[in-house]
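Q: Please take a close look at one part of this model, the sheet in the lettered first chain and the charged contacts around it. Keep the answer brisk.

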4 protein chains.
Amino acid sequence: MTSEPIRVFVTGGTFDKEYNELTGQLFFQDTHVPEMLRLGRCLLEVEVSTLTMIDSLDMTDGDRRAIAGHCRQASEARIVITHGTDTMVETAAHLGREIAGKTIVLTGAMVPYKFGSSDGLFNLGSALAFVQTLPPGVYIAMNGRWFAWDRVRKNREKGIFEAVPA
Amino acid sequence: MTSEPIRVFVTGGTFDKEYNELTGQLFFQDTHVPEMLRLGRCLLEVEVSTLTMIDSLDMTDGDRRAIAGHCRQASEARIVITHGTDTMVETAAHLGREIAGKTIVLTGAMVPYKFGSSDGLFNLGSALAFVQTLPPGVYIAMNGRWFAWDRVRKNREKGIFEAVPA
Amino acid sequence: MTSEPIRVFVTGGTFDKEYNELTGQLFFQDTHVPEMLRLGRCLLEVEVSTLTMIDSLDMTDGDRRAIAGHCRQASEARIVITHGTDTMVETAAHLGREIAGKTIVLTGAMVPYKFGSSDGLFNLGSALAFVQTLPPGVYIAMNGRWFAWDRVRKNREKGIFEAVPA
Amino acid sequence: MTSEPIRVFVTGGTFDKEYNELTGQLFFQDTHVPEMLRLGRCLLEVEVSTLTMIDSLDMTDGDRRAIAGHCRQASEARIVITHGTDTMVETAAHLGREIAGKTIVLTGAMVPYKFGSSDGLFNLGSALAFVQTLPPGVYIAMNGRWFAWDRVRKNREKGIFEAVPA
């Protein structure tokens, strides 16, 4: 059993999108990660910090540098990042080149948590497990699988993550 | 990324309980694990087999020997077992003493999957992650944490699993 | 459009049952009716009062007399009663013989509201509509239908309410 | 108890929107009305027909004439129409001026049925009750209330329907 503290950095993404009933649009309000941890009866030592609440298509290089800075400065050596799936691979690659000595797992969802059919809770459960057990490095956890940051791509036609041969 | 096949053995437990609207009682019908894997967009190579559909308070030593036999005979070296929480520790201990060379992770839920507030999807996600990354041994995955079979107890007052000092 | 105030009397029943994750039993805590009214964006002038929180199999003649008393004393002429389905017909009959000059609609659910597949929200929506539009009398609203109190029975094999010929 | 057959005409609207996990957009697939009727254990004699699957902002005068034609030709005298809320009042007004001798109730939802927090099931329950009990005329059923077609407006700031003085 691990007892190391885990940091969760929230950046937004489909995970946290809500339905605005006045406009009929999806939008960001607060993160659902604390509610999801309660639902999962999670008893890990987890600290949740919201860095941004944006669609990952809107994430800039500046945002990625800021995320890397937060990962570096965090006292925790085990970090989960919730992130939109569209550019998750880019952010993982940025972190993979910049950060050493920490286990960082990016995860997200194909369907908003607040939608009935979301994969978010499953993905959060798997990401929190991978972050406790994988060696230092930067990874993506989606579809029940884990990928090293430089061995993964998003297949946009299928809406899945898949391995890239070395 | 692991690409090893995983076997899921279903034994019943709160995880799979349903509400019988004619009698007002909870009961077992079919397992929800395949539906949960679809919801999680799980792309692992997973084979699901139902061994029993019982409340873990009704699990006998014979049932545990049968589960051990299935684990031994399975071609997979990575096995997840869904199990009621009340005697999950006993079954884990039986398997821990009987099985070597395989990674076996038991998990369950405090609330039925079909109930809105279930921890089942979170636990299944974490169990499937742990089974890919932990070394051979028998473990319990609950509350986001993992425990070696001989270092865990269920705290019935709190409804959680906790570590037992060595 | 009606603008008359409506009283909702909560008596318990499947509607309001919750899952106790420590014991694995269904039990009563607080009523979910206010939460359901919020979910339905209900803007009727509704006052909710909890009379009992019991399984309708445990409802006594004394309980029924108390409910009738509350209906008589209520300032509202339109009353919805949430009630377990097993003895809903008996309570409706008691009220039908005792109360005049008010529109009283009993409703309930076959599956607890907190269970994903509940009919509760549908039934509450229909009961609140019937109570606004039916003439004084005592009715049961289930399965999208309404029945006069002396023209209905519960079919326990099918788990539905059906008309009794005059 | 009414035993008259009811026709449900589906036109689309928020009610039936789904989340496209490949594009992250809301879109229309099939209607959820039959699934909702099953969830409500509805035993009314209901026939569901899909006329259009569109956002009500895209509804044209031609669409409204077509809906009126379907209402006129339907053998049923009691009709529920599911409709987007943005122009529900306009369609109701068109039908109110065109159709006589039938009870027609328009309803919809502020949040898609497939989203966890939808008012759809509540609204459908109330619409089906109102259509059985209101005299011939055209009505809107939202927020638990009913409005005659020429006495209602949508308050877009609040996302609710409200009465217009005569």
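A: The sheet comes first, then the salt bridges. This is a predicted model, in which local features need pLDDT of at least 70, side-chain atom pairs count only at pLDDT 80 or more, and totals for chains, interfaces and linings use all residues. Residues are numbered from 1 along each chain as its sequence is written, chains are lettered from A and ligands numbered from 1 in the order in which they are written, and side-chain values use heavy atoms, with hydrogens and water left out.

Chain A has an open sheet of six strands in the order 4-1-5-6-7-8, with mixed pairing. Strands (E, at least two residues) and helices (H or I, at least four) are DSSP runs numbered from the N terminus. Two strands pair if DSSP finds at least two bridges between them. Strand 4 (46-54) and strand 8 (145-148) of chain A stand at the edges; each has a single partner strand, so one side of each is left without a neighbour in the sheet. The twist averages 20° from one strand to the next. Axes here are lines fitted to C-alpha atoms, for helices over the stretch in contact, and angles run from 0 to 180 degrees between N-to-C directions.

At one edge, strand 7 (residues 137-142) and strand 8 of chain A run antiparallel, joined by four bridges. A:Ala141 has A:Trp146 in strand 8 as its bridge partner.

Helix 2 (residues 61-73) of chain A lies across strand 1 (6-12), strand 4, strand 5 (78-82) and strand 6 (103-107). Helix 2 runs at about 170° to strand 4 of chain A. Contact means heavy atoms within 4.5 Å.

Now the charges. A salt bridge is a side-chain nitrogen of Lys or Arg within 4 Å of a carboxyl oxygen of Asp or Glu. One joins A:Asp55 and A:Lys17 (2.8 Å, N to O). A:Asp55 sits in the loop between strand 4 and helix 2 of chain A, and A:Lys17 in strand 2 (residues 17-19), so the pair ties together parts 38 residues apart in sequence. A:Lys17 counts as buried at 11% relative accessibility. Buried means under 20% relative accessible area, exposed over 50%, partly exposed in between (1.4 Å probe, protein chains only).

Another salt bridge joins A:Arg41 and C:Glu21 (2.7 Å, N to O). This pair crosses between chains, from the loop between helix 1 (33-39) and strand 4 of chain A to the loop between strand 2 (17-19) and strand 3 (26-28) of chain C. A:Arg41 counts as buried at 16%, whereas C:Glu21 is partly exposed at 26%.
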